Amino acid sequence: MAERQKQILDDSLDRLERSVFTAPAASDGEASIRAKEAELVMQFVEKARQVKPLGKVIVSDNGVTADIFLEKGDQIVIPHYTDLINVGGEVLVPQAIVYNPDATLDDYVAWAGGFTDRADDERISIVRANGMVVFAKDDKEAKSIKINRGDQVLVLPKVDTKIIQSVKDITQIVYQIAVAANVAIN
């Protein structure tokens, strides 16, 4: 699975590189901006290619475990139990907070200092301890999401609409890296 995840990540990075180098420019000014964007994207791609996926597979949800055949070399890892909620991304003070059964998503964000100026308060992801990802797309949805022991709360940044396609591509790759390497991007 780690090899497949690495191949998917590499394919995504290849597509991102092609889109950066083949994007047309209507003027010299736009060409200059695209060249600078391409340089930044290439720096990101270089670092992203160094990620080594762990090969994690989500095998259970809500107490239901999938039937899965083990293959030679597979390892079963039971994540350690924790009472901490990690809050990161576009919050003022990214940190681990002790689980509170009565707390809401808004409470955890507030305890991490609240949103930064760059935060998109309508795009918050919750990475469950089993690896599943849940997105809170608006305030109403955020209030209904239950935070569980061991979850990670990741506040995503606002996207500048001028470069939305590039950011979408990069965000997808960052998400793949986070899931494959079990890393929370701060």
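## Starting from Val-41

Let's begin with one residue of this predicted model. Setting aside residues up to four places away in sequence, Val-41 touches Leu-16, Val-20 and Ile-170. Val-41 sits in helix H2 and counts as buried, with a relative accessibility of 7%. Another residue to look at from here is Glu-17: its C-alpha lies 7.7 Å from that of Val-41, although the two positions lie 24 residues apart in sequence numbering, counted as their separation.

Val-41 also belongs to a nonpolar core of 11 residues, which includes Ala-38, Val-45 and Ile-177 as well. This core is separate from the largest one, and we will come to that larger group further on.

## The overall layout

Stepping back, the protein has five helices and seven strands. Read from the N terminus, the elements follow the order α-α-β-β-β-β-α-β-β-α-β-α. Of the 186 residues in the protein, 29% are buried.

Contacts across the sequence are worth a glance too. Taking contacts between residues at least 6 apart in sequence, 63% join residues that are at least 24 apart.

## Two helices side by side

The chain opens with a helix pair. Helix H1 covers residues 2–22 and helix H2 covers residues 28–48; their axes come within 10 Å and cross at roughly 170°. An angle over 145 degrees counts as roughly antiparallel, so H1 is roughly antiparallel to H2. On the H1 side, the contact is made by Lys-6, Leu-9, Leu-13, Leu-16, Glu-17, Val-20 and Phe-21. On the H2 side, it is made by Ala-38, Val-41, Met-42, Phe-44, Val-45 and Ala-48. By type, these residues divide into 11 nonpolar and two charged, with no polar ones.

Helix H1 has other partners as well. Gln-5, which is in H1, is buried at 14% relative accessible area. Leaving out residues up to four places away in sequence, Gln-5 touches Pro-53, Leu-54, Gly-55, Lys-56 and Ala-180.

## The largest nonpolar core

Now for the larger group. The largest nonpolar core has 18 residues, and those with the most contacts inside it are Ile-85, Val-87, Leu-105, Tyr-108, Ile-147 and Val-153. At least two residues of this core come from each of strand S3 (84–89), helix H3 (105–111), strand S5 (119–127) and strand S7 (152–157).

Tyr-108 gives a good view of the surroundings. Apart from neighbours within four places in sequence, Tyr-108 is in contact with Ile-85, Val-87, Ile-97, Val-98, Tyr-99, Asn-100, Ala-103 and Ile-147.

## Charged pairs on the helices

Side chains of opposite charge can pair when their charged atoms come close. The whole structure contains seven salt bridges, and a few of them deserve a closer look.

Lys-6 pairs with Asp-10, with 3.6 Å between the closest N and O atoms. Because these residues are four apart in helix H1, about one helical turn separates Lys-6 from Asp-10. Lys-6 is partly exposed at 22% relative accessible area, whereas Asp-10 counts as buried at 19%. The cut-off for burial is under 20%, so Asp-10 falls on the buried side of it.

Arg-49 and Glu-17 form another salt bridge, at 3.0 Å from N to O. These partners are 32 residues apart and link distant parts of the chain: Arg-49 is in the loop between H2 and strand S1 (60–61), and Glu-17 is in helix H1. Arg-49 is partly exposed, with a relative accessibility of 28%, while Glu-17 is buried at 19%. Through shared partners, salt bridges join Lys-6, Asp-10, Asp-14, Glu-17 and Arg-49 into one network.

## A buried pair between loops

A further salt bridge brings together the side chains of Arg-128 and Asp-151, at 2.5 Å from N to O. Arg-128 is in the loop between S5 and strand S6 (133–136), and Asp-151 is in the loop between helix H4 (139–144) and S7. The two are 23 residues apart, so this pair also links distant parts of the chain. Both partners are buried: Arg-128 has a relative accessible area of 17%, and Asp-151 has one of 1%.

Conventions. Residues are numbered from 1 along each chain as its sequence is written. This is a predicted model: local features need pLDDT of at least 70, side-chain atom pairs count only at pLDDT 80 or more; totals for chains, interfaces and linings use all residues. Side-chain values use heavy atoms; hydrogens and water are left out. Axes are lines fitted to C-alpha atoms, for helices over the stretch in contact, and angles run from 0 to 180 degrees between N-to-C directions. Angles under 35 degrees count as roughly parallel, over 145 as roughly antiparallel, 65 to 115 as roughly perpendicular and the rest as oblique. Contact means heavy atoms within 4.5 Å. Ala, Val, Leu, Ile, Met, Phe, Trp, Tyr, Cys and Pro count as nonpolar, Asp, Glu, Lys and Arg as charged, and the others, Gly among them, as polar. A nonpolar core is a set of buried Ala, Val, Leu, Ile, Met, Phe, Trp, Tyr and Cys residues joined through side-chain atoms within 4.5 Å. Buried means under 20% relative accessible area, exposed over 50%, partly exposed in between (1.4 Å probe, protein chains only). A salt bridge is a side-chain nitrogen of Lys or Arg within 4 Å of a carboxyl oxygen of Asp or Glu.
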